[in-house]
Amino acid sequence: MPRTPTDGEFTEFAHASWASLYRTAYLLLGDAAEAEDLVQTALAKTYAAWPKVRDVQAAPGYARTVLVNTASSWFRRKSWRNERPTEAVPDVGHEPDLSSRPALMSALAALPPRQRAVIVLRFYEDLSVAQAASALDVSEGTVKSQTSDALARLRTLLGEAVVPHTLGATND
Amino acid sequence: MTDRLSQLLHDEADRLDVPPVAADVALGRGRGMRRRRRTFTALAAAAVVVLLGTGGVVVTEALRDDGTTRLSDAAAYEQHGVWMADGALHIGNSSVEIDAKINAVYYTAAGVVVRTGPTGDHTSPGAGYLSLVRPDGSVSRLSPRLDDVEPGTSPDSPLIAFARPAGSGFEAVVWDVDTNRKVAAVPFDGAFTWGGWAAPPVSLSGAHVFASLDHHTLAINWRTGAIEPLAGSPGSRWEEIAADSWADEESGRVVVRTLDGEPLLTVTETGDWGEALLSPDGRYVIVQPELELPGDGPPASLHEIATGDSRQLADTEGPWGWTPDGHALTLSGNEVLSCTAITQDCTTIAEVDDPSSVRMADAYYGS
């Protein structure tokens with residue numbers, strides 16, 4: 001019968017997963033302190049469920065799901081939307097200089113939180129529509145429509161070279 | 001075709017300065033969460049049958065209002081509410097098994113509406129089947145499907161309201177669960193991107209359906225078709241509305257208002273953010289500081305709105321739900337209790353074999 005993993009195994013898992021989870025969290029939130037808090041929260045929730053973890057190999061996937069779910073719940077807060085700094089990114093009439101780091105992050109910041117999450121999950125985490133829908137606890141149709149809307153916005157902000165016009169046309 | 005965008009995202013991530021690991025902090029926080037965690041576990045059963053006082057549940061004499069006379073089914077539903085245990089849903093004097101996983105229940109005046117589907121996730125595909133379980137334990141399937149939307153009900157009305165996409169906008173549908181007929185469908189428009197559902201989540205109070213859009217919450221009078229914003233609502237959140245009361249969650253406080261905006265109660269001990277849960281009859285509100293850990297801030301508290309009386313809720317208290325008439329449902333050992341919320345004057349409703357299987361309707365689970 002499988003045994004419950006130990007606290008030592010959790011600590012080892014946390015060290016191994018930290019950097020990867022942090023990178024995803026930062027892309028989702030765009031703020032270092034909030035990203036660190038999100039990772040801590042996801043790891044804490046993973047530990048809270050640790051007795052149910054029968055295979056340590058499954059823990060990274062569980063923690064990543066918890067991280068996305070937690071971010072998703074944060075997005076639903078009124079305060080998240082109303083108290084976040086607004087980074088107004090003007091539409092550009094030319095191709096932006098993508099060697100400049102702020103270009104991508106500013107463009108992501110211009111997206112509503114759910115659209116940003118969809119972009120990160122689909123094009124950074126490489127999740128399918130179904131997987132992203134499951135991670136965000138929304139329908140596949142919502143993921144498709146938000147992907148389409150987000151890509152249209154990013155195309156305006158980052159240019160055709162980054163987001164070709166064919167992208168998003170089929171929503172999948 | 002997404003190679004360039006994907007590459008830019010990976011480049012950005014690779015350039016990040018990753019802070020040092022604080023595994024001990026996560027471990028400590030996780031230990032705290034274990035003490036509070038409560039989960040809603042879907043129930044599965046084999047068939048739709050009605051059981052009376054069987055199936056591992058001992059219905060007590062408390063179901064008799066004067067020691068000799070059994071409460072009517074309707075009165076038992078009002079006073080003892082709905083809860084689930086030992087694989088069955090208990091309503092009033094009856095116990096019912098549902099041949100599907102129950103992932104949500106909603107109080108109405110006609111009985112409890114049960115949402116079922118293949119999983120315990122009530123927003124997953126195929127999870128929107130509805131059935132009405134009446135106070136006498138009879139079960140009937142309802143026509144609407146609620147895929148990927150969040151409905152509103154009220155225990156003083158036989159209606160369930162929900163929004164769904166319609167044309168380029170949405171419509172608010174009001175359905176009578178007693179007759180299984182549509183009562184009204186009112187079209188409305190507005191941006192909705194914040195929630196991720198197929199249509200805005202709604203609340204129901206009297207003649208109004210409240211639909212939560214990006215920039216405001218709409219008050220939709222389903223009788224007249226009149227639509228106006230709920231004054232003071234910032235949008236982008238699912239407002240907590242019950243029985244003509246609105247628990248307005250603000251940074252640092254919760255204000256319970258009438259739907260006209262008149263303040264009824266202000267709770268400031270919320271930490272940075274407090275989540276409010278109104279009782280179905282609108283008489284009480286639970287304010288739960290949104291904390292990741294117990295001990296990080298003020299405890300959850302229960303308030304009687306009319307009097308301002310309150311008490312703190314212990315971390316160990318729960319599971320904890322409501323009856324349609326505003327009694328608190330709770331569990332003590334293997335006994336299910338119906339209590340007055342503030343004074344905790346309790347009546348034993350039933351004894352259960354497996355207390356860990358108990359789930360309360362309209363529940364607060366402390367996390």
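**Exercise 1. Find the residue that follows helix α3 of chain B, and say whether its phi is positive or negative.**

Step 1. Go to the end of α3(B) in this predicted model. The residue that follows the helix is B:Gly81, and its phi is positive, near 65°.

Step 2. Now step back into the helix itself, residues 73-80. B:Ala76, B:Tyr77, B:Glu78, B:Gln79 and B:His80 are buried there.

Step 3. Ask what those buried residues pack against. The partners are four strands of chain B: β4 (88-91), β7 (111-117), β28 (335-339) and β29 (346-352).

**Exercise 2. Work out which way the side chains of strand β3 of chain B point, and which strands pair with β3(B).**

Step 1. Take residues 82-85 in turn. B:Val82 and B:Met84 point one way, while B:Trp83 and B:Ala85 point the other way. Buried or exposed? All of them are buried.

Step 2. Look for the partner β4(B). Four bridges join β3(B) to β4(B), and the two run antiparallel. If you want a spot to check on screen, B:Ala85 stands opposite B:Ala88.

Step 3. Check the turn. β3(B) and β4(B) make a hairpin with two residues between the strands, and B:Asp86 takes a positive phi near 50°.

Step 4. Look for the partner β30(B). Strand β30 covers residues 359-360, and two bridges join it to β3(B), again antiparallel. Here B:Met84 has B:Arg359 as its bridge partner.

**Exercise 3. Lay out the open sheet that contains β6 to β9 of chain B and explain which strands are at its edges.**

Step 1. Put the strands in order. The sheet has four strands, running β6-β7-β8-β9, with antiparallel pairing.

Step 2. Find the edges. β6 (101-108) and β9 (139-145) each have a single partner strand, so one side of each is left without a neighbour in the sheet.

Step 3. Add the twist, which averages 30° from one strand to the next.

Step 4. Zoom in on one pair. Strand β8 (residues 129-133) is joined to β9(B) by four bridges, and B:Tyr129 has B:Arg145 as its bridge partner.

**Exercise 4. Trace the pairing from β19 through β20 to β21 in chain B.**

Step 1. Start with β19 (residues 245-250) and β20 (residues 253-258). Six bridges join them, and they run antiparallel. One of the pairs is B:Asp248 with B:Val255.

Step 2. Carry on to β21 (residues 263-267). Four bridges join β20(B) to this strand, also antiparallel, and B:Val256 stands opposite B:Leu265.

Step 3. Inspect the connection. β20(B) and β21(B) form a hairpin with four residues between them, and B:Gly261 in the turn has a positive phi of about 100°.

**Exercise 5. Decide whether B:Glu240 is buried, exposed or partly exposed, and list what it touches.**

Step 1. Place the residue: B:Glu240 is in strand β18 (residues 240-242) of chain B.

Step 2. Count its surroundings. B:Glu240 has 18 C-beta neighbours inside 10 Å. Burial takes 20 or more, and exposure takes 12 or fewer, so B:Glu240 counts as partly exposed.

Step 3. List the contacts. Leaving out residues up to four places away in sequence, B:Glu240 touches B:Ala247, B:Ala276, B:Leu277 and B:Leu278.

Step 4. Pick B:Ala276 from that list. It is 36 residues from B:Glu240 along the chain, yet their C-alpha atoms are separated by 7.0 Å.

**Exercise 6. Describe how helix α6 of chain A meets α8(A) and α1(A).**

Step 1. Begin with α8(A), residues 140-158. Its axis and that of α6 (residues 113-123) come within 9 Å and cross at roughly 95°. That makes α6(A) roughly perpendicular to α8(A).

Step 2. Name the contact residues. From α6(A) come A:Arg114, A:Gln115, A:Val118, A:Ile119 and A:Arg122, and they meet A:Val143, A:Gln146, A:Thr147, A:Asp149 and A:Ala150 in α8(A). By class, this contact of α6(A) with α8(A) has four nonpolar, three polar and three charged residues.

Step 3. Turn to α1(A), residues 7-29. The axes of α1(A) and α6(A) come within 8 Å and cross at roughly 145°, and the crossing is right-handed.

Step 4. List that contact too: A:Thr24, A:Leu27 and A:Leu28 of α1(A) with A:Arg116, A:Ala117 and A:Val120 of α6(A). The residues divide into four nonpolar, one polar and one charged.

How values were computed. Residues numbered from 1 in each chain as written. Chains lettered and ligands numbered in written order. Predicted model: local features only at pLDDT ≥ 70, side-chain atom pairs only at ≥ 80, totals over all residues. Contact = placed C-beta atoms within 7 Å. Pairing = 2+ DSSP bridges. Axes fitted to C-alpha atoms, helices over the stretch in contact; angles between N-to-C directions. Parallel < 35°, antiparallel > 145°, perpendicular 65-115°, else oblique. Nonpolar A, V, L, I, M, F, W, Y, C, P; charged D, E, K, R; others polar. Left-handed = near helix turned anticlockwise from the far one by under 90°.
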